[in-house]
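Here's a quick walk through a model, going from the overall layout down to a single helix. Have a look at the sequence and the structure first, then read on.

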Amino acid sequence: MAAPLLEPASGSRQEPPLLLVGTDYRCSPIELREKVSYGKEETEEMLVHLLARAEVAEAFLLSTCNRTEVYLQPRDEEGAYNAILDMVFLHRVPELERPGRLYVKRNGEAARHLLGVASGLESMVLGEPEILGQVKQASALAEAVGAEGPVLRRLLRSATAAGRRARQETAITSGAVSLGYAVVELARNIFRGLEECQVLLIGAGEIARSVARPVVERGARELLVANRSLERAQQFKAEFPNAEILAFDERLAALQTADLVIASTGADEPVLTRAHLKAAMKHRPSQPLLVVDLGVPRNVEPRAGRLENVFLHAIDSLDTLIQRNLKRRKEEVPKVEEIIEQELTHFRGWVRGLEAEPLIARLQKQAEKIRRNEMEAALARFPQETHEELERLTRSLVRKILHHPSTRLRTRDGGAGDLSRLDMVRELFHLDDDETAD
Amino acid sequence: MQTFLDTAIILLPLAYLLVAVDYGFLFFSSHPVAERTATPALRGAVLLHLAYLVALTVHRHQFPAATVAQALSMVAFFVAVVYVFVEWHGRARSTGFWLVSLVFFFQLLSSVLTRPNPPDRAIFHDPFFSVHVLLALLGYTAFVVAAGYGFLFLQLYRDLKSGRFATFYGKLPPLEVLERMMTGALLIGFAALTGAVATGAFWANRLYHDQWLHDPKILFTVATWVLYAAALLLRKLRRWQGRQTALASLAGFGAILFSLMAVNFFFTGFHGFL
């Protein structure tokens with residue numbers, strides 16, 4: 001299989017050894033993405049197949065509605081790349097071979113990309129919060145089939161840390177950026193809690209359902225639905241079993257008790273007039289009423305918005321809210337990028353520490369060998385009852401002497417001096433590879 | 001002691017100004033430094049204020065509301081304490097900037113109006129008379145808090161009505177909560193002011209017989225009481241909603257300021273304190 005996307009490797013030894021191949025909403029339309037979408041069992045199966053390849057040491061597959069990405073720790077980069085390309089993507093969708101459909105990232109760039117994904121920076125809706133949970137689920141799946149090794153496990157820990165910090169320390173996920181959540185946000189600025197709100201839906205079509213979902217999800221318990229077609233109202237009830245169906249004419253009486261009204265009918269004339277709302281408000285003058293008009297043409301007479309305690313918002317107003325929230329999220333991007341860089345630095349430090357581990361092990365082994373030899377020669381000169389104490393003392397000495405050098409080797413700064421420092425330790429302590437055989 | 005009092009009267013408005021700026025950063029930009037420092041800074045300022053009031057009481061041997069300046073400082077202190085409690089109880093600091101700004105305003109007025117040697121009023125040595133003063137202070141404090149929440153209610157109401165979602169939208173408690181806080185404060189304030197007027201009438205009748213009835217301070221206080229009574233009554237009768245009540249709380253706040261400042265300094269004779 002040709003590998004047109006894979007450029008020759010240029011990363012240094014300081015970079016984490018990673019390979020990412022993926023496609024997302026920016027590269028591929030939904031018709032292609034859905035064909036390379038992997039469910040739970042398919043993901044497990046694919047990970048097992050990938051791991052069976054000699055070129056692959058560790059693997060992680062993330063598949064959501066907006067992206068399918070495979071992260072590998074390769075033994076042989078080109079072989080691993082060809083394996084992903086063929087098994088994960090082209091086997092299902094040959095059209096993905098066309099330029100621009102797939103992206104390939106390596107080493108530090110691959111790691112940065114995953115941290116960006118977990119933080120919501122790569123999402124179709126900037127700061128979308130669900131992605132962090134999806135990354136965690138995918139990670140758990142890879143762990144369960146044994147596809148995660150130390151490198152990917154540590155990378156995923158950094159990714160979830162970055163995602164969690166982005167949510168906690170910045171406003172990247174704040175503010176509603178969809179119609180349904182914009183309604184929830186408006187309601188939360190007026191009422192003490194959605195749990196206590198009675199919601200009246202006038203119209204039971206797709207828009208009503210899409211708005212009702214987040215409203216119910218966020219706690220609204222009492223749902224009234226008034227629709228001209230009883231059949232459609234019944235369909236609505238099938239999805240929302242707690243909803244109470246009203247005759248269309250009963251909507252006016254329901255206005256007297258409702259807190260939130262969502263109108264989304266296809267009617268040419270307003271289904272709620274100023275007179276209707278004025279009459280209803282007489283029964284509840286001090287109780288605020290939020291009216292959301294999602295109809296085009298408008299379902300609620302605009303003049304009704306001037307009534308005291310009536311908060312009328314049409315689709316334009318909700319769009320203003322969504323655009324405002326998106327702008328605020330964009331302003332948070334530099335803060336999230338800073339968090340990603342911090343987590344990436346920790347990850348890189350860990351990877352560098354990983355390189356030093358064999359050397360540290362050799363150093364400790366050699367010190368222990370010297371300690372044992374010296375002890376064997378010396379123990380005969382000391383009484384039996386002191387041997388245990390001498391053992392403890394010499395072990396402690398060795399551990400303390402090696403503590404600082406080991407720590408320094410693990411926490412190198414990634415500069416040019418790191419490699420020469422490793423060589424120097426090898427030279428100073430005479431740590432040849434041959435000696436480690438025992 | 002005098003040195004501490006002289007220093008504290010300068011430090012207090014400065015401290016509240018810094019705290020207000022801190023809360024301002026918190027409200028407008030959620031600045032991380034302000035996130036960490038606002039609450040401890042406010043608590044520090046309130047402790048300094050408490051020390052000042054205790055020192056004042058010990059030094060003068062009287063309830064620290066014998067002058068308008070002292071009364072203003074007491075109101076500032078009580079508003080700060082109310083906010084510290086609200087913040088602690090509700091775990092929300094979104095209204096901090098506005099209430100601490102009011103605290104700063106009252107303390108600044110107090111510091112500016114403080115005179116080195118205030119008159120020693122014998123009546124303030126009577127612990128029973130202190131009940132009248134304490135009730136009046138409690139009432140004014142509650143009305144100041146009501147005005148603060150009323151102001152915020154009106155801003156959020158306007159943002160929500162207009163659909164512009166400007167400065168206040170998304171940063172304050174919900175409209176219903178602001179309305180409830182405002183109404184609660186108004187009710188407490190009204191009950192306290194009623195008590196203050198009743199106890200004041202009792203004392204004035206004993207000391208001054210009928211002369212006090214025509215004093216401008218008394219007339220203006222009764223007018224303020226009537227304004228709040230009307231607002232609460234209209235609300236009870238469901239003729240007024242949150243917006244009108246909030247406007248009334250702001251009007252009442254203006255009346256209190258006028259009563260404390262202009263009436264005390266220019267019109268009244270016998271009620272030259274609170």
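## Layout and packing of chain A

Let's start with the layout: this is a predicted model, and chain A splits up into the three domains in the table.

| Domain of chain A | Residues |
|---|---|
| Domain 1 | 19–169 |
| Domain 2 | 179–323 |
| Domain 3 | 356–437 |

How far apart are the centres of domain 2 and domain 3 of chain A? Taken over C-alpha atoms, the distance is 73 Å.

As for secondary structure, chain A has 14 helices and 10 strands. Its radius of gyration comes out at 31 Å, while the globule rule gives 22 Å for 438 residues; that is well over the rule, so chain A is more spread out than a compact globule. You can put box dimensions on that too: the C-alpha trace spans about 105 × 60 × 35 Å along its principal axes.

What about the packing inside the chain? Of the 438 residues in chain A, 39% count as buried. If you take the contacts in chain A between residues at least 6 apart in sequence, 73% of them join residues at least 24 apart.

On confidence, the average pLDDT for chain A is 88, and 93% of the residues score at least 70. The stretch to watch is residues 434–438 of chain A, where pLDDT stays under 50. For that stretch, the model has 3 contacts beyond four places in sequence.

Now for the partner chain. Here 17 residues of chain A are in contact with 15 residues of chain B. On the chain A side, the elements that give two or more residues are helix H7 (179–190), strand E10 (310–314) and helix H12 (315–379). Which of the elements gives the most to this side? That's H12(A), with 4 residues. By type, the chain A residues that touch chain B divide into 6 nonpolar, 7 polar and 4 charged.

Finally, zoom in on helix H11 of chain A, residues 274–282. Leu277(A), Ala280(A) and Met281(A) are buried there. These residues sit on the same side of H11(A), because they cover an arc of only 100° around the axis. Flip to the other side of H11(A) and you'll find Ala275(A) and Lys282(A), which are exposed. And what do the buried residues of H11(A) pack against? Their neighbours are strand E9 (289–293) and E10 of chain A. E10 is a name you've already met, as one of the elements on the side of chain A that touches chain B.

Conventions: Residues numbered from 1 in each chain as written. Chains lettered and ligands numbered in written order. Predicted model: local features only at pLDDT ≥ 70, side-chain atom pairs only at ≥ 80, totals over all residues. Domains from an automatic or database assignment. pLDDT = per-residue confidence, 0-100. Contact = placed C-beta atoms within 7 Å. Nonpolar A, V, L, I, M, F, W, Y, C, P; charged D, E, K, R; others polar. Rg over C-alpha atoms; globule rule 2.2 N^0.38 Å. Buried ≥ 20, exposed ≤ 12 C-beta atoms within 10 Å, placed from the backbone. Arc of directions from axis to C-beta.
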